[in-house]
Amino acid sequence: MAGLVYSYTRFSDPRQATGHSLERQLTLAASWAAARGLTLDSTLSMHDEGLSAFHGKHVKSGALGLFLGAIEAGRIPKGSFLLVEQFDRLSRRTPMEAFGQFSALINAGITIVTTKDGKEFSAKSLEASPFSLFESIMPMIIANQESANKSKRVVASIRGRCEAWMNGTDRRLIRNGTDPFWLKRVENGWEKIPDRVEAVRTAILLYTQGIGPIAIVKKMAEDGYVSTGLSLRRLQVYRIINQRSLMGDKTLTIDGQTFNLPDYYLPILSKDEFEELNAIFKNKIRRIGKVVVVPIMTGIKLTFCGYCGKAMCGTNYTINRKKVEDLLTDGCRRICCTKKNVSTCVVPFSVSIVPFEKALMNFCSDMMNLQSLYGSDRSAVFLARLNKAKAELAKI
């Protein structure tokens, strides 16, 4: 039996790390390989902790996504084995998405092994026994339905808890969303972490004095402030000053509906202080928009990193740039992954946004030029109104 052997383990709840889920999955994989005289390839054996297979996060930003990318790049030889405990570890997506992922692995010459029952699925075995395909797809379909039903129950429960909090009928803690890093949970609620509260208030004070995020980060590093256990970053400053948790509110978005739960946390700013901070931020954004070339594709859910799935953000490189009528040249206007600044994206580089903008504009112009589909020129009425207005202006 030839080929490399890779192990993939996953669980969606990080609390499972303290139990036996990971140990059980690893033991099953090692036992299967040992029984056949094979050795697991430890350089690419994969583990996704706390990533949901129902939402596809293990593919978008997890180890399984990197493995699929390695297959596409030809770095995984044909005849290799991918070991999973059972198929619901591999996917809990919709049937078509699960089948697409399964077929991509099989067509790449990978043999999928479910270590819990020792069954093997390859192009050769499926050709010999086509009905065994149902043995692979059905568990993923069942897992998808279970996850969908569970998700609906959880969403309904969270929505009910949020409504109860706002009505004042239930003030128990809601264990969803991310809590402020300057607070910690205690038995009866929350407790402030003094050094982190001081760091946040100092950053806010500097911001209200007109100091920019980069200068704030630099000054706080020089003064020895620590915010999250790591050095404060520029993007964190913007995130902090927009958080309603500063004045004690918890914000949750459930199925597109946003709940602001008042008096959920211990506030470190009064409501008036927060509103003043918010007004300063909005005024700065308006001023910045007048002088900076803003990419048209970021912020509208059009550009995402192909490696980790996170949104792309615009950036203007102004160092050693060539000026053309005081405008940024094409090479200076770029986009990069939002994870680039925290060094967690596997490809922390920027690319020019110009080709994407041109493609978008060409697409839009094509759509506007397809007037024949509508039987007439839809712009004729507006052009007539414009010409009439120009004529009236000329008389005035």
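Contact, in the exercises below, means that heavy atoms lie within 4.5 Å. The structure is a predicted model, in which local features need pLDDT of at least 70 and side-chain atom pairs count only at pLDDT 80 or more, while totals for chains, interfaces and linings use all residues. Residues are numbered from 1 along each chain as its sequence is written, and side-chain values use heavy atoms, with hydrogens and water left out.

**Exercise 1. Place Ser122 and Thr115 in the fold, and find what each of them touches.**

Step one is to locate Ser122, which lies in the loop between strand E5 and helix H6 (123-128); helices (H or I, at least four residues) and strands (E, at least two) are DSSP runs, numbered from the N terminus. Step two is to look at its surroundings: not counting residues up to four places away in sequence, Ser122 touches Ile106, Ile110 and Thr111. Ser122 has a relative accessible area of 15% and is therefore buried, a word that means under 20% relative accessible area, with exposed over 50% and partly exposed in between (1.4 Å probe, protein chains only).

Step three turns to Thr115, which is found in the loop between strand E4 (111-114) and E5 and counts as buried at 10% relative accessibility. Leaving aside neighbours within four places in sequence, Thr115 is in contact with Leu28, Ala29, Trp32, Leu83, Val84 and Glu85. The C-alpha atoms of Thr115 and Ala30 are separated by 9.3 Å, although these residues are 85 residues apart along the chain.

**Exercise 2. Check the span of helix H7 against its number of residues, and follow its buried residues to their partners.**

Begin with the rule that the expected span of a helix is 1.5 Å times one less than its number of residues. Helix H7 (residues 133-167) has 35 residues and should therefore span 51 Å, and its end C-alpha atoms are 51 Å apart, which agrees. Next, list the buried residues of H7, which include Ser136, Ile137, Met140, Val155, Cys162 and Trp165; for Cys162 the relative accessible area is 0%. The buried residues of H7 pack against helix H4 (87-90), helix H5 (95-107), strand E5 (119-121), strand E8 (250-254) and strand E9 (257-261). Finally, go just past the helix, where Gly168 takes a positive phi of about 80°.

**Exercise 3. Which residues touch the most other members of the largest nonpolar core?**

A nonpolar core is a set of buried Ala, Val, Leu, Ile, Met, Phe, Trp, Tyr and Cys residues joined through side-chain atoms within 4.5 Å. The largest has 35 residues, and those touching the most other members are Trp182, Val200 and Leu246. Among the elements that give two or more residues to this core are H7, helix H8 (194-208) and helix H11 (271-291), and H8 gives the most, with seven residues.

**Exercise 4. Trace the strand pairing around Cys336.**

Start from strand E11 (residues 333-337), in which five of five residues are buried; Cys336 has a relative accessible area of 4%. Two strands pair if DSSP finds at least two bridges between them. On one pairing, strand E10 (residues 312-316) and E11 are antiparallel over five bridges, and Cys313 stands opposite Cys336. On another, three bridges join E11 to strand E12 (residues 350-352) in the antiparallel sense, and Ser350 stands opposite Cys336. As a last step, consider disulfides, each a pair of cysteine sulfur atoms within 2.5 Å: a search of the whole structure finds zero.
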